[in-house]
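Me: I'm new to this one, so walk me through it and tell me how each label is earned.

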Amino acid sequence: MNAGALSELARLGSATVYEAGGRGHFVDFPLIQVVPGSRVAGPARTALCGQSDNLMVHAAMSRLQPGEVLVLTMPVPEPVALVGDLLATQAKARGAAAVLVDGAVRDVEELAELGLPIWARWVRVHGAAKNEVGTLDEPVTVGGATIRTGDVVVLDADGAAVVEADRVDEVLAASLEREEKERVKRARLQGGELSYDLDGLRAIVEEDGRSPSGHARPEVERLHPDAGPEAPRK
């Protein structure tokens with residue numbers, strides 16, 4: 001996979017890639033960023049561990065290639081440490097770009113000092129067993145996102161977005177286009193213009209019949225579902 005494309009996706013960040021990719025795959029739970037300021041994009045190397053067991057993390061080290069993001073999960077996420085200092089040391093020595101853990105990590109001070117970018121659902125001292133054989137390089141689901149070995153995972157302080165392997169060039173092009181549009185828009189906002197007007201939102205609120213109470217008339221809600229009192233805030 002093109003290293004330049006991965007570097008650009010990391011620079012653009014998870015939020016831009018998620019939006020430009022069509023608001024598709026992203027990890028939908030809070031992630032702990034063990035190394036502050038980390039920004040990574042790399043092809044996934046997946047491991048489905050047994051429940052409360054990290055045997056397959058050790059096995060995955062034998063397949064891990066430089067530049068890959070090691071993605072670790074269990075049948076049911078739980079706060080058991082799948083990775084600590086020694087496994088992270090192995091991953092770094094193997095050239096991993098990052099580790100994404102749908103479970104817990106421990107030894108976080110040592111992990112931060114090691115400097116390998118790691119994102120995890122939890123931090124816990126609770127250790128894992130090493131008995132149950134799981135699977136390697138099979139599709140896994142992490143926070144609602146399906147991740148296959150070779151798919152690109154983009155990680156930063158905002159979270160994690162996933163790009164299917166066959167869409168990397170397409171999503172990168174769309175992300176760069178979005179970045180340019182936002183650059184232009186940012187300049188206009190800095191000049192005093194309002195997103196209320198630039199994004200056509202004034203018409204929804206004012207020109208389509210908002211009542212003084214702040215609730216849209218029923219006929220407006222039918223035309224613009226996002227204008228109703230129960231609409232999600234954005």
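Reply: Let's begin with a definition: a charge sits over a ring if NZ of Lys or CZ of Arg is within 6 Å of the ring centre and within 35 degrees of the ring normal. One thing up front: this is a predicted model, where local features need pLDDT of at least 70, side-chain atom pairs count only at pLDDT 80 or more, and totals for chains, interfaces and linings use all residues. Residues are numbered from 1 along each chain as its sequence is written, and side-chain values use heavy atoms, with hydrogens and water left out.

Me: What makes Arg121 count as lying over the face of Phe29?

Reply: Arg121 is 3.7 Å from the ring centre of Phe29, and the limit is within 6 Å. So the distance fits the definition, and Arg121 is listed as lying over that face.

Me: Why is Ser38 called buried?

Reply: Buried means under 20% relative accessible area (exposed is over 50%, partly exposed in between, with a 1.4 Å probe and protein chains only). Ser38 has 8%, so it is buried. Ser38 sits in the loop between strand E1 (32–33) and strand E2 (40–48); helices (H or I, at least four residues) and strands (E, at least two) are DSSP runs, numbered from the N terminus.

Me: Which residues is Ser38 in contact with, leaving aside neighbours within four places in sequence?

Reply: Contact means heavy atoms within 4.5 Å. For Ser38 the partners are Gln33, Pro117, Trp119, Leu155, Asp156 and Ala157.

Me: How do you know that E5 is largely enclosed?

Reply: Eight of its eight residues are buried, so the rest of the structure largely encloses E5.

Me: What makes E5 and E6 a pair?

Reply: Two strands pair if DSSP finds at least two bridges between them. E5 and E6 have five, in the parallel sense, so they qualify. One bridge joins Leu100 to Trp119 in E6. E4 and E5 also pair in the parallel sense, over two bridges, and E3 and E5 do so over four.

Me: What is called the largest nonpolar core, and how many residues has it?

Reply: A nonpolar core is a set of buried Ala, Val, Leu, Ile, Met, Phe, Trp, Tyr and Cys residues joined through side-chain atoms within 4.5 Å. The largest here has 29 residues, and Leu72, Leu82, Val83 and Val99 have the most contacts inside it. A second, separate core of 18 residues includes Val27, Trp119, Ala160 and Val162.
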